[in-house]
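Work through the exercises below with the structure open. Try each task before reading its solution.

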Amino acid sequence: MALLELRNVTKCYNSASTALSDVSFSVREGEFVSVIGPSGAGKSTMLRCINRMIEVTGGEIYFDGVIVSKLNKRDLRKLRTKIGMIFQHYNLVDRLTVIENVLHGRLGYKSTLAGVLGRYSQEEKGQAFRIIKFLGLNEQVYSRCDQLSGGQKQRVGIARALVQNPKMILCDEPIASLDPNASKIIMDHLRNVSTGMGITMIVNLHQVNVALKYSDRIIGVNKGKVVFDGSPAELTPERIYDIYGSESGDLIVDLGERNAS
Ligand SMILES: Nc1ncnc2c1ncn2[C@@H]1O[C@H](COP(=O)(O)OP(=O)(O)OP(=O)(O)O)[C@@H](O)[C@H]1O
């Protein structure tokens, strides 16, 4: 069953730039989808349209039975509790501790006053501690986030998304600032969360080899259009060329590594 559907979505930031052009696809519950494409292709714009951080110019987005663009402020807030988000630069509050940052994931469920006062139930705190432990951060629970490595910060980002009890997590280049070791840990966690908890993942990536390894499905974007939508096995050198054009040379070498392994 489709959890998310984009129908003919268009986004123009101004008359000179069309960031998304007639984008249509749907995503099933529990699917792990990577979105790849060259810089400026529209990957971030697409992710941000899904939870309405950015308003679409045309077309419709359906999520969990509702039309996202038609929601009023209150219903949009409710929708956003079901959609977690992870960012390249983590978007944590550096001077706060790991547990405080993770509990911020519950803010969407609270009145502004309860949020400002940091009022969380025992149940919420218990869940946050369990998730922190699950992500291997129990020794850092009370560390300030500015004392963590990039990989640890991103695990806090995942924990904050998970305490929302989301149906889907949008990941905008979650490993772009990490070294290969930390990248593997983060991608393994995202895959485990998807498979083990049935949470749908949409992950923007620059690394084709990572998309090939972890995804159920890959969507390739070029100049705001979907130019590939298929399984990792279907991503042939020709299709990589369709997505990346003349930049595709090194990426096809990556593909050679897949075929060799
Ligand atoms: N706020 C904005 N105002 C005007 N144009 C924008 C804005 N944000 C993005 N764009 C343009 O929209 C297009 C798509 O940008 P977007 O950031 O979505 O691409 P991307 O594929 O995520 O790129 P990258 O991989 O470099 O992050 C680009 O041409 C970009 O310059």
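The exercises that follow concern a predicted model.

**Exercise 1. The ligand shell**

Task: Find which residues are around the ligand, and sort them by character.

Solution:
- Start with the list. The ligand is surrounded by Tyr-13, Ser-17, Ala-19, Gly-37, Ser-39, Gly-40, Ala-41, Gly-42, Lys-43, Ser-44 and Thr-45.
- Now sort. Three of the shell residues are nonpolar, seven are polar and one is charged.
- Glycine counts as polar in this sorting.

**Exercise 2. Elements behind the shell**

Task: Which elements each supply at least two residues of the shell, and which gives the most?

Solution:
- Two elements meet the mark of at least two residues: β2 (17–28) and α1 (43–50).
- The top contributor is α1, with three residues.

**Exercise 3. The sheet**

Task: In what order do the six strands of the open sheet run, and why do β6 and β10 each have one side without a neighbour?

Solution:
- Read across the sheet. The order is β6-β7-β8-β3-β9-β10, with mixed pairing.
- Look at the edges. β6 (83–87) and β10 (225–230) each have a single partner strand, so one side of each lacks a neighbour in the sheet.
- Add the twist. From one strand to the next, it averages 15°.

**Exercise 4. One pair, one helix**

Task: Describe how β3 pairs with β8, then place helix α6 against the sheet strands.

Solution:
- Strand β3 (residues 32–36) joins strand β8 (residues 200–204) over four bridges, in the parallel sense.
- Zoom in on Ser-34. Its opposite in β8 is Val-203.
- Helix α6 (residues 150–162) lies across β6 and β7 (168–172). Its angle to β6 is about 170°.

Definitions and conventions. Residues numbered from 1 in each chain as written. Predicted model: local features only at pLDDT ≥ 70, side-chain atom pairs only at ≥ 80, totals over all residues. Near = placed C-beta within 6 Å. Pairing = 2+ DSSP bridges. Axes fitted to C-alpha atoms, helices over the stretch in contact; angles between N-to-C directions. Contact = placed C-beta atoms within 7 Å.
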